[in-house]
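Colleague: Could you walk me through this model and tell me what backs up each label? I'd like the reasoning along with the verdicts.

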Amino acid sequence: MAHSNWAEWIYLGVVTALLIYVGAEAWNVERIIDHAPEDAEIIKVTAQQWFWSFEHEDGTKEVGELHLKKDHAYKFEIQSKDVVHNFNIPEFVVLMDAIPGRINTVWFSPNEAGEFDIQCREYCGLIHYNMRAKLFVEGV
Amino acid sequence: MVLELARPRPIWQIMFSTHHTDVGLLYLVFSLLAMFVGGAMAIALRIELFAPGIQLIEDSMTYNRLFTAHGTTMIFLFLLPSAAAVGNYLVPIMVRYKDMAYPKLNAIAFWMIPPAAALVWLGMADFGWYANPPYSVISAPAPAAEMWIFGLKVLGVSSILSSINFVVTILKCKHPDLSLGKVPLLAWSFLTSSIIVLAAMPTFAAALLMLLTDRLGVSGFFNPAMGGDPIAYSHLFWFTFHPEVYVLVIPAIGMMYEIIPRFSRRPIFSHSSGVAAFIILALVSFASWAHHMFATGMSFTEKTVFMVGTLAAVPASAMHVFNFLATMWNGRIKFATPMMFAVGGIALFFAAGAGGVVNTAMPLDFITHDSYWVVGHFHLFVFGTIAFGTIGFVYYLFPYITGRMYNEKWGVVHFILAFVGACITFFTQHILGLFGMPRRIYDYPEIDSWISMNALISVGAMIILVGMVIFLGNMIYSMAKGKPANLEDPFGLGGKYYYPFAQRNPQHGEGGY
């Protein structure tokens, strides 16, 4: 059946252009946030069924809570002792899997003081729903 | 076509038949049964999440078992068999062959499903349908996990057998006068989705065996304590199950290609663009699996590659949507129940696709990953698009199967409830995900926004439930007491189309349909 398809081509062009825009923008943002700043303080995060423990650069250890300073860059080195977990601070879009046998890194710089939630976002068993910790960001 | 109820036969004759309409009927009845079982599980989950604290389910283990069984049931026991049901009914007719290429294999493929369902339902594993190691290797309780693994193994083989059957039927048994380009789009959808299954499923079959030997302790493929790598499982799993999403959605789109031109009383806008879009989707479905794994610590380059691969699937999906809209444009549309489900399914398909673009844009994925956004997103696909297409097609086939009409008024009520319920439930889940609620949690802290949105989602789920109960009642009542259908044109559309009932079941004897 002969019929003109110009409308479909225009429509596909618009869709493709939108996708290229979204893809390029995503690529650009990710490129910038992929690298942690040089002066970021390293925090070791250890996940295990079903709690979080943290170790600061100076050797201070915390379990179930984490104390950080506002406007200071932190780089998390995340590992797991048993199964796969996911370290997540929803308020600051910090999200990275904690995988046994690997160390994953993610960084952030809290721009707000207060008390925030840390949670596990990858299914890890019985108490997954309550594998939570508290983040305290202190103003300078 | 079959008129099962107009000419009743003893049930064993249908069960042991290898005729494609009989096997199709078995698939259909089983898949609808599984839909109600899986739906009941979903309702239990939603009642539990209605508010913080214990509502219905006493402990998290039961909850975890239920969401695992819900996901497994809906994907493997409802959506895949219901697509196979439609394919069994219509593919041989569309390629003008007397039956499927291998009728006995066809019956075997179906009869592998009930035992597999028994394994899944009696075992009730707790690791999610994704069975992620090392949890599934070192922590998951024993008989349940093995039963799930064996059940899925059987289902995978069944799905491979039925795919072989579809591919051979379409390519080798089609009428010599019918060129492949002229094969109806519904049959094309089964050809492409079956080829995807054949290419993708063996990977998961291997991963399941490796998971089993890991659990037995004789290997350590995915167990870091034995030098293995859990991420390897993620790759194997998603290499099968990202294409599997297209295995589910492509037949649903094929069903819409059957319904929409007929109820718009216009030929399809572009047959060749539909075929092209199916082929493109089948190819690019293999280029995007690792977009499920951005948060496993992938490098920037890997993430970029899989983002581009994922975005590449969007234009092909958009071609289908365009094809539907262009077919309906200026058509004399009759909004009977099947058409409503098809059009509603397109609308939700569009919304689901737009959400998918957000998921794959790398920085945004870190907001949505493993949150309720993802739950809402894929439910828009599996319920909003695939189940809508399937249920619309069940209404469409109903007069051909039973010889009677369903009640149109109650069909419309079902559609309205399903559509409104789906919008309330799944769009709210998207927003709840943006507020940070993780998926697969049994209970949640008392955060105001989470409480109100969870209550709203549970109300939406109840609306869907009411619609589904109406659906069930309508089917059962109309089978026995519905108006006899005019089989020449049950929906009063006029015009000349071939209708599926033209196929004869030899078991109905001479002169019967």
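Modeller: What follows is a run through a predicted model, label by label.

Colleague: Let's begin with burial. Why is B:A145 called buried?

Modeller: The cut-off is 20 or more other C-beta atoms within 10 Å. B:A145 has 23 C-beta neighbours inside 10 Å, so B:A145 counts as buried. The residue sits in helix α7 of chain B.

Colleague: Which residues is B:A145 in contact with, leaving aside its neighbours within four places in sequence?

Modeller: B:A125, B:F127, B:S136, B:A140 and B:R215. A contact here needs C-beta atoms within 7 Å, and those five residues are in contact with B:A145. For another distance, take B:K481, which is 336 residues away along the chain: its C-alpha atom and that of B:A145 are separated by 45 Å.

Colleague: On to helix α4 of chain B, residues 103-111. Which of its residues are buried?

Modeller: B:N106, B:A107, B:A109 and B:F110 are buried in α4(B).

Colleague: And how do you know that the buried residues of α4(B) line one face of the helix?

Modeller: Look down the axis of α4(B): the buried residues fall within an arc of 155°, so they line one face. Those buried residues of α4(B) pack against α2 (20-49), α3 (60-94), α5 (113-123) and α7 (142-172) of chain B.

Colleague: Now chain A. What are the domains of chain A?

Modeller: Domain 1 covers 1-34 and domain 2 covers 41-138. The C-alpha centres of domain 1 and domain 2 of chain A lie 37 Å apart.

Colleague: What makes β3, β2, β1, β5 and β8 of chain A one sheet, and in what order do they come?

Modeller: Two strands pair if there are at least two bridges between them. Three bridges join β2(A), residues 51-55, to β3(A), and that pair runs antiparallel. Seven bridges join β1(A), residues 41-48, to β5(A), running parallel. β5(A) and β8(A) have five bridges in the antiparallel sense. The order in this open sheet of five strands is β3-β2-β1-β5-β8.

Colleague: Can you give me residues for those pairings?

Modeller: Sure. A:E55 stands opposite A:K61 in β3(A). A:T46 has A:Q79 in β5(A) as its bridge partner, and A:Y74 stands opposite A:F108 in β8(A).

Colleague: Why are β3 and β8 of chain A called edge strands?

Modeller: Each of them, β3 (61-63) and β8 (104-108), pairs on one side only. The twist in this sheet averages 25° from one strand to the next.

Colleague: Which side chains of β5(A), residues 74-80, are buried, and which are not?

Modeller: A:Y74, A:F76, A:I78 and A:S80 point to one face and are buried. A:K75, A:E77 and A:Q79 point to the other face and are not buried. That fits the general pattern: in a regular strand, side chains alternate between the two faces of the sheet.

Colleague: What is the strand order in the other open sheet, the one with β4 and β7 of chain A?

Modeller: It goes β4-β10-β9-β6-β7, five strands with mixed pairing. β4 and β7 of chain A are at the edges, each with a single partner strand, so one side of each has no neighbour in the sheet. Neighbouring strands here are turned by 20° against each other on average, direction ignored.

Colleague: How many bridges back up the pairings of β10(A), and how do they run?

Modeller: β4(A), residues 65-69, is joined to β10(A), residues 132-138, by five bridges, in parallel. There, A:L68 has A:V137 as its bridge partner. Six bridges join β9(A), residues 114-120, to β10(A), antiparallel this time, and A:E115 stands opposite A:F136.

Colleague: And what joins β6(A) to β7(A)?

Modeller: Five bridges, in the antiparallel sense, with β6(A) spanning residues 85-89. A:F87 stands opposite A:M96 in β7(A).

Colleague: Last topic: how many residues does each chain put into the contact?

Modeller: Chain A gives 40 residues and chain B gives 44. On the side of chain A that touches chain B, α1 (6-33) and β7 (94-98) are the elements giving two or more residues. α1(A) gives the most, with 14 residues. By type, that side of chain A divides into 22 nonpolar, ten polar and eight charged residues.

Terms used
Residues numbered from 1 in each chain as written. Chains lettered and ligands numbered in written order. Predicted model: local features only at pLDDT ≥ 70, side-chain atom pairs only at ≥ 80, totals over all residues. Contact = placed C-beta atoms within 7 Å. Helix = DSSP H or I, 4+ residues; strand = E, 2+ residues; numbered from the N terminus. Nonpolar A, V, L, I, M, F, W, Y, C, P; charged D, E, K, R; others polar. Axes fitted to C-alpha atoms, helices over the stretch in contact; angles between N-to-C directions. Domains from an automatic or database assignment. Buried ≥ 20, exposed ≤ 12 C-beta atoms within 10 Å, placed from the backbone. Arc of directions from axis to C-beta.
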